[in-house]
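Okay, everyone settled? I'll put the structure up and walk you through it piece by piece, so shout if I go too fast.

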Amino acid sequence: MKKIEVFEKEAYKDLGDLYGLFFEDINHAADGGLYAELIQNRSFEYCEIDRKEYTPLTAWSKSEGIEWEVIDTNPLNNENKHYLHVKANANDSISNEGYKSGIFVEEGKKYDFSLFAKGNGKIKVECGGVLELKLDSNEWKKYEGIITANKTFNDGKLVITFENAGQYDLDMISLFPEETFNNKKNGLRKDIAEALKEMHPKFMRFPGGCLTHDGSLDKYARNSLYRWERTIGKVEERPTWRNNWGYNQTLGLGYFEYFCFCEEIGAAPLPVLAGGFNPHKGEGVPMEKMQEWVDEALHLIEFANGDENSEWGKKRIELGHKEPFNLKYIGIGNEEIGQGFFERYPLYHEAIRKKYPEIKIINTAGPFAVGEGYEDGWRSAKKYGSDLVDEHYYSSPEWFLANMHHYEDFDEKGPHVFLGEYASWGNTFYNAIVEAAYMTGLEKAKAVDLACYAPMLCNVNYVNWAPDMLWFDNHRIAKTPNYYVQKMFMTNQGTKEVKTKLTDLDEIIPVVDAKNISGNIIIERNDTEGKIYDIKVTDLSENKTVNFDETVLNEANPRIDLGNVVAKNYTLEFKFKRSLGRKGLKIFFGQRNPENTLLWEFGGWDNWDCNIASSYNRRFSTISHRIFHVEDIEYTLKLEVRGRNIKTFINGINWNDVTDRLPEIEELYTAASIDETTGETIVKVVNLTGEEKMTDVSINNSNKANVKVISLKSDSLTAENTLDKPDTVVPIEFSTTASKENDNVTYKACFAPHSVTVLKFN
Ligand code: AHR
């Protein structure tokens with residue numbers, strides 16, 4: 001009989017802050033998203049550095065007769081240099097279209113309008129309702145008022161009409177719903193913020209992602225990378241700058257607001273700072289100038305935790321937050337690759353450790369679950385004694401199925417794991433339940449302390465990256481099945497993981513029938529032109545070689561197909577010389593069809609990588625990563641496949657060496673915990689099979705017979721939640737009772753095919 005026994009007195013692991021959130025302003029997650037400002041380009045600072053097609057007048061339009069220009073002659077302040085100068089006839093107007101699909105207002109709701117202006121005359125402000133203001137100063141002055149909307153629409157504009165002819169200067173034209181999250185000024189969009197709060201995250205990592213480290217190392221450059229000190233203070237005195245995801249960041253949602261939001265949703269703040277190094281350019285701050293950067297990290301800790309006698313603590317108090325934010329984590333770096341970062345990391349580490357020994361310092365381990373950046377990160381973390389290492393990976397569901405026990409053997413005595421970004425490629429129900437199964441492993445792994453899904457938010461009109469946890473437009477949100485899994489695990493985390501024993505649940509189901517890496521071999525150019533010659537494929541078991549004619553890969557002839565290789569053990573050898581282009585080659589092998597293949601990327605990404613990736617249904621997972629830059633010289637390349645082991649050689653030197661694991665499904669995935677604050681015992685069960693699993697769930701030595709069942713299931717593995725149909729996949733809940741037998745309670749569960757279930761016993 002299938003059985004899950006839970007031993008609630010045998011606690012293994014303190015679950016601490018295990019499940020949290022990762023916020024990055026990607027996909028207009030902040031501006032045009034969580035940050036509730038309705039006006040786009042409110043301070044006329046947009047420019048082509050942010051995005052090629054931007055101008056200072058992006059999102060603005062005007063009536064015919066009015067003359068306007070964006071100037072910087074007499075600015076509001078030095079951080080906010082540009083403003084709009086207009087010469088208006090009576091009843092001329094300007095308007096703002098908001099973010100792409102327009103402005104959303106609701107009948108009966110109030111909206112806070114404000115602007116800074118110079119000039120004299122009346123203006124009429126309209127957006128679903130009307131507000132009249134009298135401008136009466138030749139110097140910059142702030143004007144404010146409330147618009148009450150008398151209709152609802154989601155494709156609106158803000159229109160400002162000049163009732164008197166004259167010349168006016170305008171800046172920081174802003175419109176916020178009065179109803180924001182916790183009704184704060186300069187606040188956050190209520191529906192999105194509440195959807196995050198109801199997850200009960202234990203921590204929030206912010207502000208990125210690549211956003212933290214991409215950009216100029218010059219603090220005052222228009223495309224500066226993220227410098228937290230410049231994001232606090234009066235909103236109109238903050239700079240705006242380029243967001244590396246190809247748009248503008250207003251920084252209206254700055255570090256003070258991030259800390260406040262964390263506090264309001266009960267999440268420990270987990271800020272990430274760049275480590276004086278931009279890995280996208282391989283550029284580091286000169287070592288003799290690093291002190292300023294290290295000080296910035298120390299200032300951040302003081303800003304969060306210091307008292308009124310400290311310089312930065314005082315700044316926080318002046319901003320209106322007397323109590324400390326209780327910062328306990330700090331991340332240095334975000335998936336950096338390159339020694340430049342690892343030379344600078346110790347400077348931060350030593351300074352923070354010395355001054356703030358209580359702070360947990362997080363090192364970083366590249367963008368993949370394997371490879372050179374990964375190994376460098378772990379080596380550095382072990383050498384300096386980092387508390388945690390931030391791992392990132394985005395992979396196919398099949399990768400997750402093949403790696404369910406990834407962290408089982410990690411050494412819990414060394415630095416612990418912060419899985420700071422992960423997702424399986426997709427927002428279907430199937431992706432979500434595979435992630436749920438993987439999370440049972442995170443919960444049990446002794447070395448894993450923190451984990452968060454990524455990315456968190458996406459405005460459907462501005463997609464930089466998919467999948468994402470929560471999708472929205474200007475008035476609706478869609479919580480993905482992945483969101484619901486995260487929420488089920490977060491709200492039912494427990495405080496201590498406890499022992500489980502599984503009986504009669506040991507069947508392993510293979511996902512693919514292929515055992516060998518056999519299939520087509522195709523060599524394809526990747527942003528390059530070059531000659532391929534001395535090409536041969538050898539069946540190592542039969543000792544038989546087939547030779548191929550040399551060929552030039554170019555636009556007209558982008559690939560060469562070497563046909564189907566059925567051998568179990570084989571080599572592909574050839575020479576390559578690039579004549580044009582930036583990258584190198586893609587060598588597909590073991591290709592069952594274009595969707596399902598293995599791939600050797602020689603000079604991949606930005607000509608940085610020598611990778612092996614495996615793809616299922618066109619969803620690639622990197623299984624081996626080395627840094628390599630292809631040059632215009634002759635290379636002798638060799639791929640060697642023996643069973644599921646793959647090796648690559650460049651000029652006789654071994655670069656990649658990896659065993660490709662096949663995906664498989666276990667009968668049930670489980671984890672159990674107790675919540676010492678509520679007294680509940682929590683059992684999480686994921687059934688990835690297509691069959692019902694009748695299973696006895698017993699809590700040993702317990703009389704907690706009340707059971708709350710929360711489950712997520714769907715008839716379709718491809719089901720998704722959309723803005724139009726947000727409730728296709730939602731959890732259901734009911735209460736029941738377990739039977740008492742001897743000293744145990746037993747709940748006779750029927751775990752539906754393809755389902756995630758949380759059982760709460762009390
Ligand atoms: O989450 C999206 C991006 O993926 C992050 O900015 C980066 O850290 C990772 O490469």
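Let's start at I330, which sits opposite I361 in β20. That pair belongs to the place where strand β19, residues 329-332, and strand β20, residues 360-364, run parallel and are joined by 3 bridges. Before I go on: this is a predicted model, so keep that in mind throughout.

Now zoom out a little. β19 and β20 are part of a closed barrel of 8 strands, and going round you get β2-β13-β16-β19-β20-β21-β22-β23, with parallel pairing. On average, neighbouring strands there are turned by 25° against each other, if you ignore direction. On this sheet packs helix α6, residues 339-355, which touches β19 and β20. The direction of α6 makes about 175° with that of β20.

Keep going round from β20. β20 pairs with β21 in the parallel sense, over 3 bridges, and N363 stands opposite V389 in β21. Then β21 pairs with strand β22, residues 416-424, also in the parallel sense, and here we have 8 bridges. In that stretch Y393 stands opposite Y422.

So, which residues of β21 are buried on each of its two faces? On one side we have L388, D390, H392 and Y394, and on the other V389, E391, Y393 and S395; they're all buried. As a reminder, in a regular strand the side chains alternate between the two faces of the sheet. And since 8 of the 8 residues of β21 (388-395) are buried, the strand is largely enclosed by the rest of the structure.

Over to another part of the barrel. Strand β2, residues 19-22, is joined by 2 bridges to strand β23, residues 448-453, and the two run parallel. There, Y19 stands opposite A451. β2 also pairs in the parallel sense with strand β13, residues 203-206, over 2 bridges, with F22 opposite R205.

Right, the ligand. Which residues come nearest to it? There are 13 residues around the ligand, and the nearest are E24, C210, E335, Y394 and E421. You've met Y394 already, as one of the buried residues of β21. For the polar side of things, look at E24: an N or O atom in its side chain is 2.6 Å from an oxygen atom of the ligand. With C210 it's the backbone, where an N or O atom lies 2.8 Å from a ligand oxygen. And N334 has a polar side-chain atom 3.1 Å from an oxygen atom of the ligand.

Next, the nonpolar core. In soluble globular proteins, nonpolar side chains tend to be buried together. Here the largest nonpolar core has 180 residues, and F23, F589 and F602 touch the most other members. Helix α9, residues 429-444, gives the largest share of this core, with 10 residues. There's another core apart from it, of 32 residues, including L84, V86, L133 and Y143. If you click on F23 and leave aside neighbours within four places in sequence, its contacts include M204, R205, F206, P207 and G208, along with L253, Y258, M456 and L457.

Now the other sheet. This one is open, has 10 strands and mixed pairing, in the order β47-β46-β50-β44-β43-β27-β1-β45-β49-β48. β47 (732-737) and β48 (739-741) stand at the edges with a single partner strand each, so one side of each has no neighbour in the sheet. On average, neighbouring strands in this sheet are turned by 30° against each other, direction ignored. At the β48 edge, 3 bridges join β48 to β49 (residues 744-751), and those two run antiparallel. S739 stands opposite T746 there.

α9 comes back here: it packs on this sheet, touching β1, β27, β43, β44, β46 and β50, and its direction makes about 55° with that of β43. Helix α10, residues 481-491, lies across β44, β46 and β50, running at about 160° to β46.

Last stop, E443. This glutamate is in helix α9. Buried or exposed? E443 counts as buried, because its relative accessibility is 0%. Its side chain makes a polar contact with the side chain of Y19, at 2.7 Å. Beyond residues up to four places away in sequence, E443 touches, among others, K13, F489, E497 and K684.

That's my tour. Any questions?

Technical notes
Residues numbered from 1 in each chain as written. Predicted model: local features only at pLDDT ≥ 70, side-chain atom pairs only at ≥ 80, totals over all residues. Heavy atoms only, no water. Core = buried A, V, L, I, M, F, W, Y, C linked by side-chain atoms within 4.5 Å. Buried < 20%, exposed > 50% of the residue type's maximum accessible area, 1.4 Å probe, protein only. Helix = DSSP H or I, 4+ residues; strand = E, 2+ residues; numbered from the N terminus. Contact = heavy atoms within 4.5 Å. Pairing = 2+ DSSP bridges. Axes fitted to C-alpha atoms, helices over the stretch in contact; angles between N-to-C directions. Near = heavy atom within 4 Å. Polar contact = N/O pair within 3.5 Å; in protein donor to acceptor, adjacent residues only side chain to side chain.
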